[in-house]
Structures are given as C-alpha cells and as structure tokens.
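Work through these short exercises with the structure open beside you. Try each task before reading its solution.

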Amino acid sequence: MKTLIKNGSVYDSKNGLAGKYDILIEGKKIYAIEAEIKNQSYQVIDAEGKIIIPALIDMHTHLREPGYEEKETVKTGSEAAAAGGFSAVAAMPNTKPIADNPAVVEHMKHKAETAAVRVYPIGSITQDSKGEVLSEIGTLAKAGVKALSDDGNPVMNSEIMRRAMEYASAFELPIIDHCEDENLSQDGVMHEGYYSTIFGLKGIPAAAEEIMVARDIVLAEMTGIHLHIAHLSTEGSLNLVKEAKTRGVNITFEVTPHHLLLTDKIIEDYNPDAKVHPPLRSKRDKDILVKALKDGEIDVLATDHAPHTFEDKLGEFDYAAFGISGLETALALLYHNFIKTEIIDWDDLLRMYYYKPGEIMKIESEGLKAGARADLLIFDPEREWTVDKKKFKSKGKNTPFAGQKLCGKNEITFVGGKLVYDDRGGRNEILY
Ligand SMILES: NC(=O)N[C@@H](CC(=O)O)C(=O)O
Ligand SMILES: [Zn+2]
Ligand SMILES: [Zn+2]
C-alpha cells in the first residue's frame, strides 16, 4: 500500500528540501518527494500547516531491560520514543545484568525486533561497569554494539580508560563518556553552588565533571579515538572541548534539553523529578550552553531518557534516584523554546538530533529522499498542549516539565514506512 503525505512543509537541507512537498511512501521506503504528487487512490494524510522532517535519533536512552522492567522495557521505551518523534534510539548498557557481554546484547537485539523504533545497543566499557576490568570489547563489537560506555558510572582508573580507548579504536567504536570524578561528587545530590548552600543539600561541583572531561581529552588525544562526552553540563567542560577541537582532537559532545532549560534554582521545591546526573547547573552554565546552541557549537542533542518508578523517586530528595524521563518532551521543548523563538532552525535541529548521531554511531541516516527508509515525523507547530505524565507511553513519569504548557507537538511518526504513532485529534495511539 502507498501512503501520500500532502502539502506539508518539508525541511531537510541536506537533501535540498525546504518548502512544500508531497511525499509518497511505498513499503519501507520513500518512493518520491515532489512539489505535487497526484493522488491515485493512495491513502492520503493531509499535512497542510504541518512540518515534516526525518524522525530523530536519540543516542542516549536507558531502556532498563533486562533487569529493571518495573522502570521501563524495550517495548514501553520504544513506544515513548515513537511518540516523541524518534525513529531510533541507542540503549545504554546499565541494565541488570549490564550489557558487558554478547548474551545481553543479543537479548536486547531480540527485543528490538518487535519494538516501535529501531534500538541500537551500546556495550559497557568495563565488566559490570565497575571500572576495574575491561569488557570483551571485540566480542561486543562483533555482537553489533554501536558504541561503548559505562554510563551511570565513571571509569575512574585512567589506565583502564586508556586501554579501553586502545581496544575501542581497534574496532572503530566511539567511547561515550559519563564524566564524573566520584571523589569530588561523593554523595552530592545537586549542583554545588549558591543554591545547594541555601537549600542545605550536598553539592556536586562542576569540577567533578570537568576534571574527567580534561583527563579523557588527554587520553583521546594520546590514543586517537573518537571520544563522545555524554550530557555535558558546564561552562568549563564546554571550554575544554572547544579548545580540544581546535587542536584536532576527535571529540564530540551532547547536551540534554533539561540542561538547556533548567537550573539548580528549580530544586527549591525539592522535586525529586529534577534530580539528575549531572545535576541541573547554574544559570550561567545554562545560558552558556544556550549560546553554544545558538552559535552552532553543540554536536548532538540527546535526552538521557532515564525512567524511574514512582517509588524510586519517592521520599526525601537525598534518597531519590537520579534521572529524568525525556523522550516524550524533548522535541516539543526544543521547538517551543529554541525553534519557535528562532534561536535555531529545523536544519540545526536535524544536524544535532539526526545527522550527527547517525554519523557517530555509523547508522543509516540518509534523511528524506526517494529510495531512503521512510523514517519521518509530522509536527504540528500550532498545537497547544500541556505536558501530562499520565499520558506518557514511558513507564517513567519522572519529568520536571509536568504541567508545562507548550506550543507545537509531534503528531505522526513513521518508522521504516510504518505509521507507528498517531496523535491526530489527541488520540495518542501507538500502532505497529
Ligand atoms: N542521568 C541520570 O541521572 N541517570 C541515569 C544514568 C546516567 O545517565 O548517568 C540512569 O541510568 O538513571
Ligand atoms: Zn551518565
Ligand atoms: Zn544516561
């Protein structure tokens, strides 16, 4: 069956698209994109007034399966991704057991076969992500991991990180680095600064992140690997990465929507849903990240979707789990705050949230063109809605954006030619 999407405003400058086009989908692929395609009894979707772009790729999600199915599963996480406008996500290895061996990776790949979006596994750098003994990186590479990371835990031992980089480079895998010096972060629960003092909470200094960014830049330079910094959150980290780039170090970094939008002040009501690693930083850090966004300096946007149960987040701020459930708010937050306000445009978004993640993980990301896989989203820029965690497909309802009024929402997601998410008229349906 062929589906014809008519009259949408299509953005994908890499494929020379900016303006009104009709898109014809046949099977898994885009069959044609033309100024006008006549309807020959195709199934028609009217996209008048809507935006059409390639569906996004989130290279930092936690799907929790196996082991923490009460927080999320590949099914629920992939449905959340489809609802959020993603066609693919990369799953971090901090499951139980940790994805430090091919069996766990194969399990993930098996689950992914029936998921709403494509799921790419990331293998752990060290066994059990303990930072002590390297995982069998060769066998993980063979099993098909797209990157290596001990995300959630830092690799504290520099010698181990050096060897990991050497192995990773032999298999051409990037290392995604959760930068945190545990001796500095200790049992901190929020950013260390004015507000941690006022609120009486233990702080995590910016230096805990920056020291590890600096160390791993040095090691990346020494080993020549591709280093990707996860959830970069401070001015100092940004400066270190920018300086390393000028020296030709093979380094990229990602920033999350929450670090671009929220600051440590929000902790004033002790909402555990705002507790996250790295912590929400100072206004200065946030403003500098937004400036980097505007100046085109950010390589990648990623959610760090970290779903937790209500119970994990219950109780005192000190004891709540770290993490924010982000897949279902990311695109709308970025549109509402940065595209609508003309800080970035749709092509900037695609660079950071589609092309670059595709390039880093070496996965299909051809964009919108005849013959390419039909992965696209239809976005309603006028639609006003309120973030309602009860409507999340994710099991993780832990969002600090609950109740926020936003303008603009993903309405339809196609993955491999299949309409997997349909929110026309607010139906919020997963179909696959
Ligand atoms: N970001 C978080 O606060 N939590 C992540 C781990 C991580 O990304 O470091 C998690 O797995 O819950
Ligand atoms: Zn992390
Ligand atoms: Zn993470």
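The exercises below go from the whole chain to its domains, its annotated sites and one helix.

This is a predicted model, in which local features need pLDDT of at least 70, side-chain atom pairs count only at pLDDT 80 or more, and totals for chains, interfaces and linings use all residues. Residues are numbered from 1 along each chain as its sequence is written, while chains are lettered from A and ligands numbered from 1 in the order in which they are written.

**Exercise 1. The whole chain**

Task: Describe the make-up and dimensions of the chain.

Solution.
- Step 1: Count the elements. The chain has 12 helices and 19 strands. Helices (H or I, at least four residues) and strands (E, at least two) are DSSP runs, numbered from the N terminus.
- Step 2: Judge the packing. The radius of gyration is 21 Å, close to the 22 Å that the globule rule gives for 432 residues, so the chain is as compact as a globular protein of that length. The radius is taken over C-alpha atoms, and the rule is 2.2 Å times the number of residues to the power 0.38.
- Step 3: Take the spans. Along its principal axes, the C-alpha trace covers about 65 × 50 × 45 Å.
- Step 4: Check burial. Of the 432 residues, 55% count as buried. A residue is buried if 20 or more other C-beta atoms lie within 10 Å of its own, exposed if 12 or fewer, and partly exposed in between; C-beta atoms are placed from the backbone.
- Step 5: Look at contacts. Among those with a separation of 6 or more, 74% join residues 24 or more positions apart. Two residues are in contact if their C-beta atoms, placed from the backbone, lie within 7 Å.

**Exercise 2. Two domains**

Task: Find the domains and describe where they touch.

Solution.
- Step 1: Mark the bounds. Domain 1 is 2-52 + 370-430, and domain 2 is 55-361. Such bounds come from an automatic or database domain assignment.
- Step 2: Locate the centres. The C-alpha centres of domain 1 and domain 2 are 26 Å apart.
- Step 3: Count the contact. Domain 1 gives 30 residues and domain 2 gives 40 residues.
- Step 4: Name the strands on the domain 1 side. Strand 1 (2-12), strand 16 (376-386), strand 17 (405-415) and strand 18 (418-422) each supply at least two residues. Strand 17 gives the most, with eight residues.
- Step 5: Sort by class. The side of domain 1 that touches domain 2 has 15 nonpolar, eight polar and seven charged residues. Ala, Val, Leu, Ile, Met, Phe, Trp, Tyr, Cys and Pro count as nonpolar, Asp, Glu, Lys and Arg as charged, and the others, Gly among them, as polar.

**Exercise 3. Annotated positions**

Task: Which residues does UniProt list with His 60 for "binding site", and why do they gather at one spot?

Solution.
- Step 1: Read the record. The unreviewed UniProt entry lists His 60, His 62, Asp 151 and Asp 304. They span 245 residues in sequence, yet no two of their C-alpha atoms are more than 9.9 Å apart, so they gather at one spot. UniProt positions are given in the numbering used here, feature names are shortened, and annotations may be inferred rather than shown by experiment.
- Step 2: Place His 60. Its place is in strand 6. His 60 counts as buried because it has 28 C-beta neighbours inside 10 Å. Beyond four places in sequence, the residues His 60 touches include Met 92, Glu 254 and Asp 304.
- Step 3: Place Asp 151. It is in the loop between strand 9 (148-149) and helix 4 (158-170). Asp 151 is buried, with 24 C-beta neighbours inside 10 Å. Leaving aside neighbours within four places, its contacts include Asn 94 and His 178.

**Exercise 4. Around ligand 1**

Task: Which residues lie around ligand 1?

Solution.
- Step 1: List the shell. It holds His 62, Asn 94, Asp 151, Gly 152, His 178, Val 276, His 277, Asp 304, Ala 306, Phe 322 and Gly 323. A residue is near a molecule if its C-beta atom, placed from the backbone, lies within 6 Å of it.
- Step 2: Sort the shell. It has three nonpolar, six polar and two charged residues.
- Step 3: Place Gly 323. It lies in the loop between strand 15 (300-301) and helix 11. Gly 323 counts as buried, with 23 C-beta neighbours inside 10 Å.

**Exercise 5. Helix 11**

Task: Is helix 11 mostly covered or mostly uncovered?

Solution.
- Step 1: Count. Helix 11 (residues 330-339) is mostly covered, with eight of its 10 residues buried.
- Step 2: Name some. Among them are Ala 330, Tyr 335, His 336 and Phe 338.
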